[in-house]
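Visitor: I should like to take a close look at the salt bridges of this model. Which residues form them, and where do these residues lie?

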Amino acid sequence: MPATPRAGAIAGATASKKVVIPDSNGNPRDAITGASVAVVLYAVEIDCTANTGEDVFTRFYDANSAAVGTDDAELLCKGIAGKVETYLFEKGIPFATSISVATVTNAGGTGGATSPSGTVKVTFEYA
Amino acid sequence: MAAGRIPVVAPHDVRKLLSLTDVGDEVGADTVPLAHKNVADGPATLYSVRIESTGDGSNNVKIWVKFYNIVDTTLVAGDSPSAPDLIVPIRTEGTAAAVKVESFEIPEGLYFSNGISVMASAEDGNTLTAGPNDATPLDVYLSYV
């Protein structure tokens with residue numbers, strides 16, 4: 001996330017997390033906490049400036065961990081090749097269990113687990 | 001991220017209201033997603049969405065609104081395009097007096113090369129086999145160019 005937020009901050013967010021999906025990583029998932037902690041998600045930034053080969057899809061699961069390609073995503077956001085895409089959720093999206101996140105090249109919120117060809121940085125704000 | 005200004009998305013050329021309403025027997029009651037509406041019949045960039053649940057939501061804790069990069073004028077409730085570009089949940093439980101609202105903005109815009117179609121489902125992920133109940137109509141407002 002740039003030092004100066006690209007799109008401003010959302011009231012209510014108290015923490016942020018950056019997940020870097022390295023080049024062609026075979027395991028495109030990560031979790032915020034690894035424990036059961038309910039959170040509310042307020043903002044997502046998908047930085048594909050180092051991933052110019054294809055668009056990506058970041059899946060957010062309401063779980064401590066996820067079976068990418070099988071589990072259903074709670075929230076799906078698209079990232080554009082070579083660009084930064086930001087999503088701002090004014091009311092916040094509640095996750096009852098926790099957040100796990102995966103970034104893949106497969107469209108949709110369920111099937112497919114292909115990692116991006118370049119590095120993708122996903123940053124999100126939550127409380 | 002430090003506290004900052006409230007994000008603002010500049011006005012765009014088109015602001016459209018979709019009323020996604022399960023029309024009961026016509027579309028098979030609760031067994032199919034809400035009516036599937038084409039928003040833009042051609043390339044479009046989506047900047048903001050506001051989703052309002054105006055019903056009692058008695059049988060649905062959440063509804064997922066799914067946005068597809070497709071144009072198909074023959075789409076009807078019950079069709080199952082499998083790969084949405086964007087999925088956003090909205091909580092709908094409560095009484096009619098307590099309208100639930102979710103809104104989000106995409107300051108840089110999200111480009112749909114073919115067009116935008118929208119479907120509401122009572123299931124997460126790509127699944128579309130169940131729809132919200134009859135008492136859970138949604139109003140979806142979109143800003144796009």
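Guide: The following account takes the salt bridges one at a time and then considers the setting of each partner. The model is a predicted one, and over all chains the count comes to 2 salt bridges. A:Asp55, A:Lys78 and B:Asp85 are linked in a network of such bridges.

Within chain A, A:Lys78 pairs with A:Asp55, and the closest N and O atoms of this pair are 3.7 Å apart. The contact links distant parts of the chain: A:Asp55 belongs to the loop between β3 (39-47) and β4 (56-61), whereas A:Lys78 is in strand β5 (residues 75-79), 23 residues apart.

A:Lys78 also forms a salt bridge with B:Asp85, where the closest N and O atoms are 2.9 Å apart. This pair crosses between chains, running from strand β5 of chain A to the loop between β4 (62-68) and β5 (86-91) of chain B, in which B:Asp85 is located.

As to solvent exposure, A:Lys78 has a relative accessible area of 6% and is therefore classed as buried, since buried means under 20%. B:Asp85, with a relative accessibility of 5%, likewise counts as buried. A:Asp55 reaches 29% relative accessibility and so counts as partly exposed. The cross-chain bridge thus joins A:Lys78, which is buried, to B:Asp85, which is buried as well, while the bridge within chain A joins A:Lys78 to a partly exposed partner, A:Asp55.

Terms used: Residues numbered from 1 in each chain as written. Chains lettered and ligands numbered in written order. Predicted model: local features only at pLDDT ≥ 70, side-chain atom pairs only at ≥ 80, totals over all residues. Heavy atoms only, no water. Salt bridge = Lys/Arg side-chain N within 4 Å of Asp/Glu carboxyl O. Helix = DSSP H or I, 4+ residues; strand = E, 2+ residues; numbered from the N terminus. Buried < 20%, exposed > 50% of the residue type's maximum accessible area, 1.4 Å probe, protein only.
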